Every structure is written in C-alpha cells, then in structure tokens.
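Student: I would like a close look at a single part of this model, namely one of its enclosed spaces and the residues around that space. Could you take me through it carefully?

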Amino acid sequence: MAAQVLALLRDVSRLEAPLEELRALQSVLQAVPLSELREHAAELRLSPLFSLLNENHREQITLCVSILERLLQALEPVHVARDLRVNLQRGLTHPNDSVKILTLSQVGRIVENSDAVTEILNNPELLKQIIYCIGGENLSVAKALIVEISSVSPDSLNYCTTSGLVTQLLKELTGEDVLVRATCIEMVTSLAHTHHGRQYLAQEGVIDQISNIIVGADSDPFSSFYLPGFVKFFGNLAIMDSPQQICERFPVFVEKVFEMTESQDPTMIGVAVDTIGILGSNVEGKQVLQKTGTRFEHLLMRIGYQAKNASTELKIRCLDAVSSLLYLPPEQQTDDLLRMTESWFSSLSRDPLELFRGISNQPFPELHCAALKVFTAIANQPWAQKLMFNSPGFIEYVMDRSVEHDKVSKDAKYELVKALANSKTVAEIFGNPNYLRLRTYLSEGPYYVKPVSTTAVEGAE
C-alpha cells in the first residue's frame, strides 16, 4: 500500500493539474496505517503538494490539505521543522484558513517537541516570522500557539511580548467579551505553568487584575462564563508557588471557592471542589485550609453530601478531592497533621467509612475506583486503620477479590492492599493473621484467581 502512495506522489510531482491523482492518493491514504507510512518517511516528498496549494483551485487545495494532514503525521516534528520550514512559512500567510490551520497545527507539534522547538528558537528570523504570521490571525489555534511558544523559554516569551501578541491576549482577558475572556484565562493559566510566565504575569499586574475581576464578579450577571476559569487559575498558581502566600495575598480567591461550594450550579460546585483538592494536595495547602476553622468543616460536610447525592461525574470529583485532602506521605505524619486528617474525615459524614463503602458498592467502575482511592489515601494512617479494623466486615471487603470484575477496579483494589500491607503500623492494628493475608494478596498480584478444585464424582458422565 505504501508503494502505491509513493508512486502517486511521484505522479503528482510530474503533472500540472493532477486532480485525478490527488483524489486517488486521498483514497489510498485512508487505507494505509500510519505505522507503514512512518517506515517510508524518508521517501515522502511533500514539497510538490505544498506547491499545489499556491494555485487558486478550491478542490485541489482541499485535497492537498487532507493528504498533507495525513502524511505530515508520519514525519517526526524535527524533520518538519528542519526540512519543511519554507513551506510552513508560506502556509502561515496563505489566504485559505484550512491551509493556515494545517500549518499552525504543525507549528504546534514542533513547539511541543523539545528537539524540534530548538530548530525554531535557534532561528530568530523564523520565530519572528511565525509570531508575526500568527499575530495576523484571530484563530484561537493561533492564540494557543502563542502561549505554547511563550512557555518554552524567557527568550521566546520576550519575542512574543515584543510582537504585542501577549499584550493583546491580556487585553482580551480583561475586556468586555465574556466568552473571549473565558478562552483567554485557559491560555494564561497555561503560561502560568512556567516560572518565567508567572514572573511576567506578576510584573504586568495581571494576577492583581484577575483578582479584581473575581471581586467584581458578584455584580456581573455573566460571571458564570468566566469565573470557573479565573478560580482554576488561582488554584494552579497556589500549588505551583506557595498556597499560603497566594491565599494570604488574594483572600478573595479563597472566599470565592468557599462561596462556590454553596452554589446551586453543579459547574460551580465542581470547579470549587477541584480547586480545594488542588489546594489541599500538599501540606502547606492543607494548613491554609485548616486555618479557616469551622468554615472548612462545613465545606467538608457539603463535599460529603455531594459525594452521596450529586450526579456521577460530580461524585467522582468530590471523591478525588477527598483523596487529595486526606493523603499524608509517611514522612509528614506528625501527630498534629494526623489529628487534622482524622477530624476532616469525620466532618464528611456521620459515618464516612460506611458512606464511601456504600459508594464503592455501586455498579459503576469509575465510582468504585474513586471510593477505593479514598480508602487508599488514608490506608497508611493509624487512626484510619483502627476505623477499618473496627468496622464489621471491612477487612473481608478489602480481601474479597470477587468484588472487582474489570482491570481498572482490580488495580485500584491492589493499590489499597499495597498501601495497607506496606504500612509500619498495620501488623499491630490489624493483627498478624490479617497482616499475613494482606502480604499474600500483595504477592499474588492484582489479577490472581483462586484455582477451583474439581472432585471426580463416581458414575458421572
């Protein structure tokens, strides 16, 4: 099949108006696996296809774009950056949007590949041209690419800011169009994943502006479009920098998260719960939340309520947040922090262990696994082991392999057994016989099936 592709490519390069050959090539390509095309990557001559894009013939352009989309996937991003540079530069200024989007998607592949991106960064002229060409576009693909390029290094961010493109993005972030604002905040959050990106946003006063918009959101009837993204931005910022500093400097962020958990809108509750989970994923964040006292206890009660009564998707998000909040690595298990996680657990419901066990018995693998994750998060904490040991039937539930039927659930159960079996306190709390059963489960692996003994019955056929 690949031989047919190469023969048609040769025909296309020889002819002036190869419409029939292009149709045949598009058809053949649909049947050739990508792996086979990759084996012949060195023989793929794509320049003639790019040349055909320069003619004002709609069907020809459509066919070439479709063919190139497939063939370019077979080439390594480094090869695209090195050998098709001139074609990419032309594509960026093409009057047809589908050609621009094709080219931008290839620039995206290059930017995401550490070897290929150096090809662009070592060629300032090309980088400037890419940025200049993207700047003329209002396509959201182009904006996302600007953020990706800016995230690569301080130098690439500098090129993008000098071109005025990042400034334009930040203007839209604080502009009047709430839908554009919602898209921009996602991109700005991506930029904030890098240290130089966060520095730039702080210097330009962007973080303060985002905080002020959250303050004004109460009086904006359209705030539900962008507020989730703005809150997520701060959640990400807190965990990458310092939860304490961010929460102290921008108290409106914490205030808004607490407020959103009381909302009637499941989208708002979901974002608030996710953010609490992110904030509480390290010890500093947990201590920030603990300082809010009874307010946080009330919030945990709400999360427990939603975990039991919300839609399946929101239940899973609540369970994931609970796992994140309650997990403590062994080296951080001080008496104070253990007391804190124990009191948080008891705030979730009247009988949290039974609540999560009930959820884990529901016939949905995602819910089952999310509930097992909660047990795994607390499995190495002595107070939780005592609760488990004293809860009738709990150890049997852990050891029972017949509960899980699919691979993901078996893996999740195995993680729970592993967390218990590797804990220093479990032998003392569960007793040696149970400890040995856990070790046996562990050594047998997640997918062990007990052999069924067959006894011959006399006279049976």
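Tutor: Sorted by class, the residues lining the second largest cavity are 2 nonpolar, 4 polar and 1 charged. The model is a predicted one, and within it the lining of this cavity is made up of Phe50, Leu53, Asn54, Asn87, Arg90, Gly91 and His94. Because Phe and Leu count as nonpolar, Arg as charged, and Gly as polar along with the remaining types, the nonpolar part of this lining comes from Phe50 and Leu53, the charged part from Arg90, and the polar part from Asn54, Asn87, Gly91 and His94. Among the elements of the chain, helix α7, which spans residues 85-92, gives the most to the lining of the second largest cavity, with 3 residues.

As for volume, the second largest cavity holds about 60 Å³ of space, and a search of the whole structure finds 3 cavities of 30 Å³ or more. Rolling a probe the size of a water molecule over the atoms shows where empty space is left; a cavity is a place where such a 1.4 Å probe fits but cannot get out, so the space described here is closed off rather than open in the manner of a pocket. To return to the lining with the model in view, one can begin at Phe50, Leu53 and Asn54, and then pass to Asn87, Arg90, Gly91 and His94, which also line the second largest cavity.

Terms used. Residues numbered from 1 in each chain as written. Predicted model: local features only at pLDDT ≥ 70, side-chain atom pairs only at ≥ 80, totals over all residues. Heavy atoms only, no water. 1 Å grid on protein atoms, 1.4 Å probe; cavity = no way out; pocket = protein on both sides within 12 Å on 5 of 7 lines; lining within 4 Å. Points joined across faces, edges and corners; volume = space filled by probe spheres on them. Helix = DSSP H or I, 4+ residues; strand = E, 2+ residues; numbered from the N terminus.
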